[in-house]
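Hello,

Here is the structure we spoke about. My notes on what turned up in it follow below.

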Amino acid sequence: ALRYKSMPPLAHPILQGKVSVFEEIRKQDILLSYPYQSYRHVIDLMREAAIDPAVTSIKITIYRLVSKNSKVIHSLINAARNGKRVTVVMELKARFDEESNMNYTDELQDEGVKVIFGAPGLKVHTKLLVIKRKENGKSVRYCHIGTGNFHEGTAKIYGDTTLLTCDPRISLEVKKVFEFFESNYKVKRYSHLIISPNGSRRKFLELINNEIANAAKDKKAEIVLKLNNLVDEELIKKLYEASQAGVKIVLIVRGVCSL
C-alpha cells in the first residue's frame, strides 16, 4: 500500500452508465481488458440475461469458480428459475478447484441447470458464454469469448481479455463448440475460431509463416504472444526460424518458457 498507488478498475467507455449491455453489443464488438477495466460489465450482462423475457437460453463453460457467493452462479440460478434453458459445461479437472466446482455442480443441478462434465480425454479450458435471445422473430446469439475465468476476484488481479460480440460469423461457431460438448462424436469445422487441440498448432504455424513471408518481402513483420506457458517444441523452433528471418517477436509469458 505504501509502494503502489491504488488503481481501481475503470468502467468501459461504451458501457459506462448504459442500461442494456445487449443494446451496446448490437452496435459494435466490445473488448474488455482486465484488471484495468471492470468485470462488472460481464456480471451486468448475465444479470440482464437472467431477467430478460426475450432470452431463451444461456450456455457457459466454467473452469475455475472459487469465489464465494459467486455472482455468476447466482445469475445462472436466477435464469433457470425464470424459465431459461441453462447449460453449464463444468471442468472438474480445474487445478486446485475440483472440490469447489463439485459443490457448485450440486447447487446448479438442484435448481434445474443442465451440467455437462466436459469431454472425455480433454480439459475444457476455454471461457465461453453464449446467450440466445429472440429479436423480431429471429434468434440472435450474444457471445463472451475470454481468457479469464468467470471469477470476479481474479479479474481484479490477472491480465485477461474478453470479447463481447453478436457477430454471426463468431456466434455460430461458439454454438458449434457447445454442440461438441453435448455430442463429442460430431466433428465440427471452424473458419473463425481456433480450437485446441486439433487446430491450434496448424493455425499458429500458418500465421508465423505469413510473418516470415512478410519479412522476406521487406514488409512489416511482427509477432506479439501473450500466454501462460511456452513449451511446445515445434512452435518454439518456428519462432526461432521467424526471428532469424527478421520477424520482430515480443513474448509476454507468465510461467514456464522453454524458448
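Phe204 sits in helix H6. Please bear in mind throughout that this is a predicted model. With a relative accessible area of 35%, Phe204 is partly exposed, because that value lies between the 20% limit for buried and the 50% limit for exposed. Together with Ile194 and Leu207, Phe204 makes a nonpolar surface patch of about 240 Å².

Helix H6

Helix H6 covers residues 200-216, and Ser200 is found in it. Ser200 is buried, at 11% relative accessible area. The side chain of Ser200 makes a polar contact with the side chain of Ser196, at 2.5 Å. Beyond its neighbours within four places in sequence, Ser200 is in contact with Ile194 and Ile195. Ile194 is also one of the residues of the nonpolar patch.

Helix H6 holds a salt bridge as well: the side chains of Lys203 and Glu206 meet at 3.2 Å, N to O. These two residues are three apart in the helix, about one turn. Lys203 is partly exposed, with a relative accessible area of 30%, and Glu206 is partly exposed too, at 45%.

Salt bridges elsewhere

The whole structure has 19 salt bridges. In one of them, Glu111 pairs with Arg81, and the closest N and O atoms are 2.8 Å apart. This pair links distant parts of the chain, 30 residues apart: Glu111 is in the loop between helix H4 (98-110) and S4, while Arg81 is in helix H3 (residues 71-81). Glu111 has a relative accessible area of 29% and is partly exposed. Arg81 counts as exposed, at 56%, because the cut-off for exposed is over 50%.

Which residues does the salt-bridge network link? They are Arg26, Asp52, Arg133 and Glu135. Within this network, Glu135 forms a salt bridge with Arg133, with 2.9 Å between the closest N and O atoms. Glu135 and Arg133 are both buried.

Strand S4 and Lys114

Strand S4 runs over residues 114-116 and includes Lys114. Lys114 is partly exposed, with a relative accessible area of 42%. The side chain of Lys114 makes a polar contact with the side chain of Glu182, at 2.9 Å. Setting aside neighbours within four places in sequence, the residues in contact with Lys114 are Val86, Thr87, Val88 and Glu182. Val89 lies 25 residues from Lys114 in sequence, and the two C-alpha atoms are 8.5 Å apart in space.

The nonpolar core

How many residues does the largest nonpolar core have? The count is 39, and those with the most contacts inside it are Ile60, Leu76, Val88, Leu108 and Ile131. Val88 also appears among the contacts of Lys114.

For Leu108, neighbours within four places in sequence again left aside, the contacts are Ile73, Leu76, Ile77, Val88, Met90, Val113 and Val115. Leu76 and Val88, both in that list, are themselves among the core residues with the most contacts.

Regards

Technical notes. Residues numbered from 1 in each chain as written. Predicted model: local features only at pLDDT ≥ 70, side-chain atom pairs only at ≥ 80, totals over all residues. Heavy atoms only, no water. Helix = DSSP H or I, 4+ residues; strand = E, 2+ residues; numbered from the N terminus. Buried < 20%, exposed > 50% of the residue type's maximum accessible area, 1.4 Å probe, protein only. Contact = heavy atoms within 4.5 Å. Polar contact = N/O pair within 3.5 Å; in protein donor to acceptor, adjacent residues only side chain to side chain. Core = buried A, V, L, I, M, F, W, Y, C linked by side-chain atoms within 4.5 Å. Salt bridge = Lys/Arg side-chain N within 4 Å of Asp/Glu carboxyl O. Patch = residues over 30% accessible without salt bridge, like charges linked within 9 Å, V, L, I, M, F, W, Y side chains within 5 Å. Areas by Shrake-Rupley, 256 points an atom, 1.4 Å probe, with all protein chains shown as cover.
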